[in-house]
Amino acid sequence: MTRGERLIELCRGRKAYIQTHNFPDPDALASGFGLSRFLERSGIQTVLCYDGQLDKRACRKMVELFHIEAVPLKELGEVDLTGVRICVDSQKDNGNVSPMPLKINIGIDHHPIFVPGEYDFEDIRKAGSCAALVADYYYEAGMEPDSNTASALLYGIKIDTHQLTRGVTDLDIDMFHFLNQFCNEQDLKKISGSVLAFGDLKAYYNAIENIRIYGDISFSEIDFSCSDDLIAMISDFFLSLDEIQVSVVFCRREDGIKLSVRSSLEEVHAGVLVKLALEHVGTGGGHSYMAGGTIPADQTGKLGIYPEETIRDLFLKALKQIKEG
């Protein structure tokens with residue numbers, strides 16, 4: 001029995017709530033959407049849901065172009081307690097998945113396992129994108145995804161692997177090839193050309209002015225609230241500098257401090273670094289090369305009167321621990 005067939009059997013006759021991590025990125029949104037369409041073709045009723053907002057410009061464009069229906073948890077209404085809850089692009093006990101009345105029955109993710117969890121079914125495989133895992137269900141089943149689904153999944157793979165240049169696996173490449181024959185090239189061109197807005201240049205300028213470099217690690221605080229994807233893009237930008245091997249970018253928002261971490265050093269796992277640095281003040285995790293973290297608003301007081309310096313010290317201490325083994 002294939003993974004997709006096992007999923008269908010577990011969900012048959014039940015309503016499937018497919019939940020992404022909070023404030024979903026393109027890979028999470030694509031994975032949830034692709035899974036929803038996969039199950040619906042077997043007659044299973046699904047709801048794609050998330051907490052927070054679709055604050056990434058690319059996600060809002062995906063909803064428009066690929067006709068994705070995603071419901072905020074606060075608008076979900078009464079939950080069918082006989083249903084099944086599926087967590088995509090995240091895992092049980094992660095700090096970035098808000099609670100629901102249902103337990104998480106199924107976990108589908110490509111991130112490393114930091115906190116082991118028990119599921120009725122889990123598909124947690126090493127890959128550059130979660131979208132590749134979902135695309136594999138179609139491939140194994142000999143099922144052709146419709147154009148919107150194929151385009152969304154292909155875009156999710158492209159974004160999370162940085163155009164197949166970062167953390168990419170054979171599965172990502174195989175699924176990219178599989179999906180490419182079904183996607184809408186014009187829609188992909190439209191969404192690829194709408195990542196940055198003119199106003200985002202102000203954040204780049206501010207981050208460049210504030211950058212501080214210690215050896216091969218850089219820190220930069222953006223002085224005003226920014227979306228997750230913009231913070232991540234600026235962190236990617238700094239990592240492209242010849243002198244930088246690890247990049248930490250953060251900004252203060254109403255809900256706390258959001259951080260994006262990038263690493264090109266084999267011995268420095270970005271997910272481990274951010275988790276270690278924030279263990280007493282926040283949460284974080286991710287891949288070996290890219291990760292994110294959050295310090296909730298009610299924890300920022302622990303950072304003292306100079307939070308930017310405290311964040312720097314926390315990461316430098318964690319980096320030293322990692323390098324010394």
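Leaving aside its neighbours within four places in sequence, which residues is Ile86 in contact with? The legends below take up that question first and then move on through this predicted model.

**View 1. Ile86 and its surroundings in the largest nonpolar core.**
Here is the answer: beyond its neighbours within four places in sequence, Ile86 is in contact with Cys11, Ala16, Tyr17, Ile18, Gln19, Leu35, Leu39, Ile106 and Ile108. The largest nonpolar core has 51 residues, and Ile86 is among those that touch the most other members, together with Leu35, Leu39, Met62, Phe66 and Ile108. Helix H4, residues 130-141, gives the most to this core, contributing eight residues. A second core, separate from this one, has 24 residues, including Val248, Leu259, Leu278 and Ala291.

**View 2. The parallel sheet, with helices H1 and H4.**
Six strands make up this open sheet, and their order is E3-E2-E1-E4-E5-E6, with parallel pairing. At the edges are strand E3 (71-72) and strand E6 (121-124), and each of them pairs on one side only. Helix H1 (residues 3-11) packs on the sheet, where it touches E1, E4, strand E5 (104-109) and E6. The direction of H1 makes about 145° with that of E6. Helix H4 also packs on the sheet, touching E5 and E6, and its direction makes about 105° with that of E5.

**View 3. Strand E1 and its two partners, E2 and E4.**
Let us zoom in on E1, residues 16-20, which pairs with strand E4 (residues 84-88) in the parallel sense over five bridges. Within E4, Val88 is the bridge partner of Thr20. The pairing of E1 with strand E2 (residues 46-50) is parallel too, over four bridges; in E2, Leu48 is the bridge partner of Ile18. Five of the five residues of E1 are buried, so the strand is largely enclosed by the rest of the structure. Both of its faces are covered: Ala16, Ile18 and Thr20 are buried on one side, and Tyr17 and Gln19 are buried on the other.

**View 4. Cysteines without a disulfide.**
How many disulfides does the structure hold? The count is zero. Cys49 is in no disulfide, and its nearest cysteine sulfur, that of Cys87, is 9.8 Å away. For Cys87, the closest cysteine sulfur belongs to Cys130 at 9.1 Å, which is too far for a bond. Is Cys49 buried or exposed? Cys49 counts as buried, at 0% relative accessibility. Cys87 is buried as well, with a relative accessible area of 1%.

**View 5. Aromatic pairs, with Tyr204 and Phe237 in focus.**
A search of the whole structure finds eight aromatic pairs. In one of them, the ring centres of Tyr204 and Phe237 are 5.7 Å apart and the planes stand at 75°, so the pair is edge-to-face. Tyr204 lies in helix H8 (residues 200-210) and Phe237 in helix H9 (residues 228-239), so this pair ties together parts that are 33 residues apart in sequence. Tyr204 is buried at a relative accessible area of 15%, whereas Phe237 is partly exposed at 33%. Tyr214 and Phe219 form another edge-to-face pair, 5.9 Å centre to centre and with 70° between the planes. Of these two, Tyr214 is partly exposed, with a relative accessible area of 32%, and Phe219 is buried, with 4%. Elsewhere, ring pairs link Phe38, Tyr137 and Tyr138 into a cluster.

**View 6. The mixed sheet and helix H11.**
Another open sheet has six strands in the order E7-E8-E9-E10-E12-E11, and its pairing is mixed. Strand E7 (212-214) and strand E11 (283-286) stand at the edges with a single partner strand each, so one side of each is left without a neighbour in the sheet. From one strand to the next, the twist averages 15°. E11 and strand E12 (residues 290-296) pair in the antiparallel sense over four bridges, and Ala291 in E12 is the bridge partner of Gly286. Helix H11 (residues 307-324) lies across E7, strand E8 (217-222), strand E9 (246-253), strand E10 (256-263) and E12. H11 runs at about 155° to E8.

Methods. Residues are numbered from 1 along each chain as its sequence is written. This is a predicted model: local features need pLDDT of at least 70, side-chain atom pairs count only at pLDDT 80 or more; totals for chains, interfaces and linings use all residues. Side-chain values use heavy atoms; hydrogens and water are left out. A disulfide is a pair of cysteine sulfur atoms within 2.5 Å. Buried means under 20% relative accessible area, exposed over 50%, partly exposed in between (1.4 Å probe, protein chains only). A nonpolar core is a set of buried Ala, Val, Leu, Ile, Met, Phe, Trp, Tyr and Cys residues joined through side-chain atoms within 4.5 Å. Helices (H or I, at least four residues) and strands (E, at least two) are DSSP runs, numbered from the N terminus. Contact means heavy atoms within 4.5 Å. Two strands pair if DSSP finds at least two bridges between them. Axes are lines fitted to C-alpha atoms, for helices over the stretch in contact, and angles run from 0 to 180 degrees between N-to-C directions. Rings of Phe, Tyr and Trp (its six-membered ring) pair if their centres lie within 6.5 Å; planes under 30 degrees apart count as stacked, over 60 as edge-to-face and the rest as tilted.
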